[in-house]
Amino acid sequence: MKLHHVLEGPDDGPPLVLLCSLGSTAEMWAPQRRELADEYRVITLDTRGHGGSPVPDGPYRVEDLARDVLETLDDRGVERAAFAGVSLGGAIAQWIGRYAPERASTLALLCTSARFGDPDPWVERAATVRDGGTQAVADAVVARWFTDDFARAQPDTVARMRDLIASTPAEGYAGCCEAISVWDVVDELGAIAVPTLVVSGVDDPATPPEHQQLLADGIPGARLESVTGAAHLASFQRPEIVTPLLREHAKGAL
Ligand SMILES: O=C(O)CCC(=O)CC(=O)O
């Protein structure tokens, strides 16, 4: 399935693919897109069921979401790219690193996990959203995206991001919750043979730093960076730290 995507930066720049978290769109990468498009051909994709992408009936699997990304890149003639993904986007990047390594020059895995915990809460969240829409979970979800200090300092930004969650199609959000519920590559990490940067938000309540420690311990040669003053959307809250890391890692320079 081909995905809605935004292309920025020079046509002949090295391709850098940005993959989004659950309940978001290319908007969540706005701070990085602006900066990195000076050097990279930045391709930011809306995950299946989100933003401008198609919304088939769920459940989905991370493999489906990853194959969508690769099909869209095929359509654009992009054979190999650097990938960066936040949370669900990081799971998609892990799948590509594990099962399609020839497509990935580097991986950056941000605020993500090889297993997002017990499946039941994700299945319950899918049911809640199918009943009540994404509006029903938007306040609770956005509270995990940013630290309290950031929410106090930038209420308008947080309200805008909350609206992004609430405007996600219910079936798309639910199908992705189901993908997360069965995602488990804990025993596969040693087979990821792509240079990998792992990034934690120190105050991330959704995928706390121990999840990224497990990724960094399991993926051969992975490097772990911890970002202070950041919750689940560390890239959005602390771009001054995260963007240079992504820039250097995508070059193979870290
Ligand atoms: O809503 C949350 O608690 C975070 C959701 C999550 O971990 C998956 C994602 O952000 O892509």
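These exercises work through a predicted model, each with a stepwise solution.

**Exercise 1. The sheet**

Give the strand order of the open sheet, and explain why S1 and S7 each have one side without a neighbour.

Solution.
- Step 1: Write down the order. The sheet has seven strands, arranged S1-S3-S2-S4-S5-S6-S7. Their pairing is mixed.
- Step 2: Look at the edges. Strand S1 covers 5–8 and strand S7 covers 223–227. Each has a single partner strand, so one side of each is left without a neighbour in the sheet.
- Step 3: Add the turn between strands. Neighbouring strands are turned by 15° against each other on average, direction ignored.

**Exercise 2. Two strand pairs and a helix**

Describe how S4 pairs with S5, how S2 pairs with S3, and what helix H11 touches.

Solution.
- Step 1: Take S4, residues 81–86, and S5, residues 104–110. They run parallel and are joined by six bridges. Val86 stands opposite Leu110 in S5.
- Step 2: Place helix H11, residues 239–250. H11 packs on the sheet and touches S2, S4, S5, S6 and S7. The direction of H11 makes about 160° with that of S5.
- Step 3: Turn to S2 and S3. These two pair in the parallel sense, over five bridges. Pro15 faces its opposite residue, Arg41 in S3.
- Step 4: Check the surroundings of S2. Four of its five residues are buried, so S2 is largely enclosed by the rest of the structure.

**Exercise 3. The ligand site**

Which residues surround the ligand, and how much of its accessible area does the protein cover?

Solution.
- Step 1: List the surrounding residues. They are Ser21, Leu22, Ser87, Leu88, Phe116, Trp122, Arg125, Val141, Arg144, Ile180, Ala206 and His232.
- Step 2: Find the backbone contact. A backbone N or O atom of Leu88 lies 2.8 Å from a ligand oxygen atom.
- Step 3: Find the side-chain contacts. An N or O atom in the side chain of Arg125 is 2.7 Å from an oxygen atom of the ligand. For the side chain of Arg144, the corresponding distance to a ligand oxygen is 2.5 Å.
- Step 4: Read the cover. On its own, the ligand has 310 Å² of accessible area, and the protein covers 97% of that.

**Exercise 4. Two loop residues**

Decide for Thr168 and for Ala206: buried, partly exposed or exposed?

Solution.
- Step 1: Recall the cut-offs. Buried means under 20% relative accessible area, exposed means over 50%, and partly exposed lies in between.
- Step 2: Apply them to Thr168. Its relative accessible area is 5%, so Thr168 is buried. The residue sits in the loop between helix H7 and helix H8.
- Step 3: Name the contacts of Thr168. Leaving out residues up to four places away in sequence, Thr168 touches Gly23, Ser24, Gly49, His50, Thr134 and Tyr173.
- Step 4: Apply the cut-offs to Ala206. At 32% relative accessibility, Ala206 is partly exposed. Its loop runs between S6 and helix H9.
- Step 5: Name the contacts of Ala206. Neighbours within four places in sequence aside, these are Arg144 and His232. Arg144, His232 and Ala206 also appear among the residues around the ligand.

**Exercise 5. Backbone features**

Where does the cis peptide bond lie, and what is phi at Ser87 and at Cys111?

Solution.
- Step 1: Locate the cis bond. It joins Gly58 and Pro59, with omega about 0°. Pro59 lies in the loop between strand S3 and helix H2.
- Step 2: Take Ser87. Its phi is positive, about 55°, although Ser87 is not a glycine. Ser87 is in the loop between S4 and helix H3. At 6% relative accessibility, Ser87 is buried.
- Step 3: Take Cys111. Its phi is near 45°, again positive in a residue other than glycine. Cys111 is in the loop between S5 and helix H4. Relative accessibility is 1%, so Cys111 counts as buried.

**Exercise 6. A strand residue**

Describe the setting of Thr196 in S6.

Solution.
- Step 1: Judge burial. Thr196 has 3% relative accessibility, so it counts as buried.
- Step 2: Find its polar partner. The Thr196 side chain reaches the backbone oxygen of Val194 at 2.7 Å.
- Step 3: List contacts beyond four places in sequence. Thr196 touches Leu107, Leu109, Ile219, Gly221, Ala222, Arg223 and His249.

How values were computed
Residues are numbered from 1 along each chain as its sequence is written. This is a predicted model: local features need pLDDT of at least 70, side-chain atom pairs count only at pLDDT 80 or more; totals for chains, interfaces and linings use all residues. Side-chain values use heavy atoms; hydrogens and water are left out. Two strands pair if DSSP finds at least two bridges between them. Axes are lines fitted to C-alpha atoms, for helices over the stretch in contact, and angles run from 0 to 180 degrees between N-to-C directions. Contact means heavy atoms within 4.5 Å. A residue is near a molecule or strand if one of its heavy atoms lies within 4 Å of it. A polar contact is a pair of N or O atoms within 3.5 Å; within protein, one must be able to donate a hydrogen and the other to accept it, and residues adjacent in sequence count only if both atoms are side-chain atoms. Accessible areas come from the Shrake-Rupley method with a 1.4 Å probe; for residues, only the protein chains shown count as cover. Buried means under 20% relative accessible area, exposed over 50%, partly exposed in between (1.4 Å probe, protein chains only).
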